[in-house]
Amino acid sequence: ILKKIHKEKNVIIKGKIDIAVIILMISMFIPLIAKTYASLDGTINMILKYWSIYGIYILTRNVITEKKQIEIILKTFIISSIIPLIFGYDKFLNLNFFEPFLNSIGAVKLNENRFISTFGYANTCAIYFAVITAVTIYMYKTEKKKKLKYLYLAYILICSITILLTQSKGVIAISGLVIFIYVIIGIKNKKISKKWIIAGICTIIVFIIYFFIAIQIPKDLIITEKNKTCVVREFEPNTKYKLDLEIETNTDKQYDSCKIVIVEITKYLSEKELTKFSFSNYNGWKSFEFETDDIASYIEIRILNPTKQTINIKGFKINDKQCILEYKIIPDELVRIFKNFNFKYTSVFQRFDYWKDGLKLAKENFLFGAGGNAWRMLYGQVQDYLYYAKESHCYLIELIISYGLIGFLAYIFIIAITVKNGSKLLKDKLMLSIITGILMIIVHSLIDFDMSFLIILSMFFMFIAIINKNDKNLKVNVNLIDYILIPIFAIILIANICGYITSSSEKEKNLASINIAPWLFEYKYNDVIYMEKNNINSVEKLEKIKNILQNEPYSCQNTLYEIFGNTLEKIDDENVKKQLASR
């Protein structure tokens, strides 16, 4: 806006990349205009989200142009990432020093043995730190002050450990590939000395030896908590098994206070109890015999200990072969990372199902798209079995479902233009670090939903703007577009403020006392649920339900129809009932 006040030209569109980005942004209005959206709430909120990010992109294109400015942005990313690192390790190490603060801001709480920090999702946490690490390596290599150099090196090591602790196989594989490519290029260009090559090879050999020795050394599994679940993946479908556990427990209870349940988890995530054993005082081996189904994926050994006795699992065998439930000199999570790189793993298998169902929805909505959160609203109509997935786990599929062919092609052009312009900057170490980061996001978003996170979208479009900073070769005067789009930014700003005020005024019953954002579906739905729980039956309630069903045809539909019917029966005025029924 300031640039337009100073009568600068072409603030919005400077080059081809800007046209591709703006087409992607405009494609988000198409489902709204064509009324093909699956959710009005989802569509409007996604427009607000992406256009806010578009504002960041435009700012970066116009302001961040010099090397020093770019370095300030990268340092800002690095420094700000220390916050999720601190919160993440506080939770991961069970220190819980920041728990009251995190609870007060509604941070996601998940009981996982993976590093998730405030992301609520380990894989996106991993790709975030992988990208930050990529740009930190540049800072380390170019920093001249020794103290800062050591700080950058320490940060790189901490981030590398953090990525491993997330147990994100996709990010670890991508990071490994990037390191391998850099090493090969370094050797080819003679930028990596022989001593570093030898040191690297020796480190890998030592780790492999340590790993294979460590996975042979078991540790007694001691359970004192109320329940413990051990996942065992060494099982095949349609096979008979004998599972032996050496159990030692002494309790003062006169009844069977403890229980072990063997549960089969299928590839469709359904559960089947295979066998169980209740006990109190027990010292010796206990055998369990069962046969897996043809769709078995893995087995869970669930140890239930409601009275918090001490249960010691000293030995574990499958078909008389010694196996390990817990390792003595290596973290279980580290073993899990390296032993589960296979297509039998449930998260890998299910992604293929998500993509298959996503392509069905893409085929139905490829022209105009079904708007924001389309996958979330529609996947239940095409799934072959009951699974729960709020995201399609592929950004390209998400784009074509939500914004049709135009949105999909716009994104492809953004990537193509960026790759073309980026290929000219590979000799610049600063730009190479940013290109590496953005390529990691692009590749990983093909198998996950990183782009659903605001921080990843911000990084992505800022990096796109920085990589294409020299893309200014348009000869056409497009100054008029500036005056069209700048008012849209003002509308987006006002809408975001209205949404923020509404959500900030939320009361105890999940209702908003100041609802000046009528597109926020959750408050309209919560209002109806509140009225139902308090037995409030009125024409106003029926009108609210009708309005939600018109705009949100796939959101909580069955519940609302049931409430509508129940409310209709409880209203005494027959004329009102007939009028409502006819409408």
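Lys356 is partly exposed in this predicted model, with a relative accessible area of 40%. The side chain of Lys356 meets that of Asp384 in a salt bridge, with 2.8 Å between N and O. Distant parts of the chain are linked by this pair, as Lys356 belongs to helix α13 (residues 346-365) and Asp384 to the loop between α14 (374-378) and α15 (395-422), 28 residues apart. Asp384 has a relative accessible area of 53% and is therefore classed as exposed. The pair does not stand alone: salt bridges with shared partners join Lys356, Asp357, Lys360 and Asp384 into one network.

In total, 18 salt bridges were counted in the model. Side chains of opposite charge can pair when their charged atoms come close. One of these salt bridges is formed by Arg61 and Asp18, whose closest N and O atoms are 2.7 Å apart. Arg61 is located in helix α4 (residues 40-63) and Asp18 in helix α2 (residues 16-27), so the salt bridge ties together parts that are 43 residues apart in sequence. The relative accessibility of Arg61 is 4%, and this residue therefore counts as buried. Asp18 likewise counts as buried, because its relative accessibility is 0%.

A further salt bridge is found between the side chains of Glu248 and Lys314, at 3.5 Å from N to O. Here the partners are in strands: Glu248 lies in β3 (residues 240-249) and Lys314 in β8 (residues 311-318), so parts that are 66 residues apart in sequence are tied together. Glu248 is partly exposed, with a relative accessible area of 26%. Lys314 is also partly exposed, with a value of 37%.

Helix α4 also contains Tyr57. With a relative accessible area of 0%, Tyr57 is buried. When neighbours within four places in sequence are left aside, the contacts of Tyr57 are Ile17, Asp18, Val21, Phe461, Ile464 and Ala465. Asp18, the salt-bridge partner of Arg61, is thus among the residues in contact with Tyr57. Tyr57 and Phe461 are separated by 404 residues in sequence, whereas their C-alpha atoms are 5.6 Å apart in space.

Four strands form an open sheet with antiparallel pairing, in the order β2-β7-β4-β5. Its edge strands, β2 (227-232) and β5 (271-279), each pair on one side only. On average, neighbouring strands of the sheet are turned by 20 degrees against each other, direction ignored. Strand β7 is mostly covered, with seven of its nine residues buried. The pairing of β7 (residues 296-304) with β4 (residues 258-266) is antiparallel and extends over eight bridges. Within this pairing, Val261 has Arg302 of β7 as its bridge partner, and Val263 is matched with Glu300 of β7. Strand β2 also pairs with β7 in the antiparallel sense, over six bridges. Asn227 stands opposite Leu304 of β7.

A nonpolar patch of about 960 Å² is present on the surface. It is made by Ile201, Ile204, Ile205, Phe207, Ile208, Ile209, Tyr210, Phe212, Ile213, Ile217 and Ile329. Of these patch residues, Ile209 is placed in helix α11 (residues 194-214). Ile209 counts as partly exposed, because its relative accessibility is 48% and the partly exposed class runs from 20% to 50%.

At the level of the whole chain, 22 helices and nine strands are present. The C-alpha trace spans about 85 × 85 × 45 Å along its principal axes. Of the 583 residues in the chain, 48% are buried. The accessible surface of the chain comes to about 31200 Å², and 61% of this area belongs to carbon and sulfur atoms. Among contacts with a separation of 6 or more, 74% are accounted for by residues 24 or more positions apart. The contact between Tyr57 and Phe461 joins residues that are 404 positions apart in sequence.

Terms used
Residues numbered from 1 in each chain as written. Predicted model: local features only at pLDDT ≥ 70, side-chain atom pairs only at ≥ 80, totals over all residues. Heavy atoms only, no water. Pairing = 2+ DSSP bridges. Helix = DSSP H or I, 4+ residues; strand = E, 2+ residues; numbered from the N terminus. Axes fitted to C-alpha atoms, helices over the stretch in contact; angles between N-to-C directions. Patch = residues over 30% accessible without salt bridge, like charges linked within 9 Å, V, L, I, M, F, W, Y side chains within 5 Å. Areas by Shrake-Rupley, 256 points an atom, 1.4 Å probe, with all protein chains shown as cover. Salt bridge = Lys/Arg side-chain N within 4 Å of Asp/Glu carboxyl O. Buried < 20%, exposed > 50% of the residue type's maximum accessible area, 1.4 Å probe, protein only. Contact = heavy atoms within 4.5 Å.
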